[in-house]
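Trainee: I'd like to learn how to read a structure like this one feature by feature. Can we go through it together?
Mentor: Sure, let's put it on the screen and start with one residue.

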Amino acid sequence: MSPRSHSRPFSISACRSTVVTGVLRLLEEGTVSVVIAHAKGYDETHPVPYAIKTAGEADRLVFNAHCTHNLARYLLAKGQRVVTLDIAPFDYADVRDKIRVVDGDIRKPDNVRDSLRDVDIVVHAAAALPLYKPEDIYSTDIEGTRIVFEESMRAGVKRVGLSVKQASG
């Protein structure tokens, strides 16, 4: 299996279109009964988690750089403990001191294992953008996803979700 190459420049609207098409297909085929995504919040920087249950609801889906941060906010507001694992710095000051931040890479099993300590549910949202080198896209989106799922099973995680953000990579 080889990495996909992307011949067109990255655009959020193109990714959103790809995600909506995938959501519609999954719902219409009955592959899934619900897709957890994000819908428009009170402004562009505050999308809210949203459960899409029918094809008609897919048009409410939003896709931008603020989705993961706002998922952390949402989970904290619901009284959940939040752990992040990211190769990039987590610099959202309003929630940084309320979560456990693991600086690392999903392509490294030991980093994933560290992030899974005392975790019941995983939402996998890591992805390499289409503007990255094909080998980085493949190693993050394919191999990294495999590592997240394998290490989650080993750690006894009860549920693992794949973010629509990640699925569009």
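Trainee: Is S139 buried or exposed?
Mentor: Keep in mind that we're looking at a predicted model. To call a residue buried, you want its relative accessible area under 20%. S139 has a relative accessible area of 19%, so it counts as buried.

Trainee: Where does S139 sit, and what does S139 touch?
Mentor: S139 belongs to helix α5, which covers residues 134-155. Leaving out residues up to four places away in sequence, S139 touches R107 and G144. With R107 there's a polar contact between the side chains, at 3.0 Å. The two are 32 residues apart in sequence, and their C-alpha atoms are 6.9 Å apart in space.

Trainee: Which network does R107 belong to? And how should I read salt bridges in general?
Mentor: The general idea is that side chains of opposite charge can pair when their charged atoms come close. The structure holds nine salt bridges. Take D94 and R73, whose closest N and O atoms are 2.8 Å apart. D94 is in helix α3 and R73 in helix α2, so this pair ties together parts that are 21 residues apart in sequence. D94, at 37% relative accessibility, is partly exposed, and R73, at 24%, is partly exposed as well.

Trainee: What about α5, which salt bridge does E151 make with R113?
Mentor: The side chains of E151 and R113 come together at 3.1 Å, N to O. E151 is in helix α5 and R113 in helix α4 (residues 109-115), so parts that are 38 residues apart in sequence are tied together by the pair. E151 counts as buried, at 5% relative accessibility, while R113 is partly exposed at 46%.

Trainee: How many residues apart are E151 and R154?
Mentor: Here's the idea to carry along: an α-helix has 3.6 residues a turn, so residues three or four places apart point the same way. E151 and R154 are three residues apart in helix α5, about one turn of the helix. Their side chains form a salt bridge at 2.8 Å, N to O. R154 is exposed, at 62% relative accessibility. As for the network you asked about, D105, R107 and D136 are joined into one by salt bridges that share partners.

Trainee: Let's zoom out. How many helices and strands does the protein chain have?
Mentor: Six helices and six strands. To read the layout, follow the elements along the sequence: the pattern is α-β-β-α-β-α-β-α-β-α-β-α. Then look at the totals. Of the 169 residues of the protein chain, 36% count as buried. Among contacts with a separation of 6 or more, 52% are between residues 24 or more positions apart. The protein chain exposes about 10300 Å², and carbon and sulfur atoms supply 54% of that.

Trainee: Which residues make up the largest nonpolar core?
Mentor: When you read a core, list the members, then ask which elements supply them. This one has 11 residues: V19, V20, V23, L27, V35, A37, A39, Y50, I52, A58 and L61. The elements giving two or more residues to this core are α1 (12-29), β1 (35-39) and β2 (48-52). Helix α1 contributes the largest share, four residues. Apart from this core lies another, of eight residues, including I106, L116, V119 and V157.

Trainee: Why is β1 largely enclosed by the rest of the structure?
Mentor: Because four of the five residues of β1 are buried. For a strand, also check its partner. β1 and β2 run antiparallel and are joined by five bridges. A37 stands opposite Y50 in β2.

Trainee: And for a helix, which residues of α2 are buried?
Mentor: In α2 (residues 67-77), the buried residues are C67, H69, N70, L71 and A72. Next, ask what they pack against: β1, β2, α3 (93-96) and β5 (121-124). Last, look at the backbone where the helix stops. Just after α2, G79 takes a positive phi of about 85 degrees.

Key. Residues are numbered from 1 along each chain as its sequence is written. This is a predicted model: local features need pLDDT of at least 70, side-chain atom pairs count only at pLDDT 80 or more; totals for chains, interfaces and linings use all residues. Side-chain values use heavy atoms; hydrogens and water are left out. A nonpolar core is a set of buried Ala, Val, Leu, Ile, Met, Phe, Trp, Tyr and Cys residues joined through side-chain atoms within 4.5 Å. Buried means under 20% relative accessible area, exposed over 50%, partly exposed in between (1.4 Å probe, protein chains only). Two strands pair if DSSP finds at least two bridges between them. Contact means heavy atoms within 4.5 Å. Accessible areas come from the Shrake-Rupley method with a 1.4 Å probe; for residues, only the protein chains shown count as cover. A polar contact is a pair of N or O atoms within 3.5 Å; within protein, one must be able to donate a hydrogen and the other to accept it, and residues adjacent in sequence count only if both atoms are side-chain atoms. A salt bridge is a side-chain nitrogen of Lys or Arg within 4 Å of a carboxyl oxygen of Asp or Glu.
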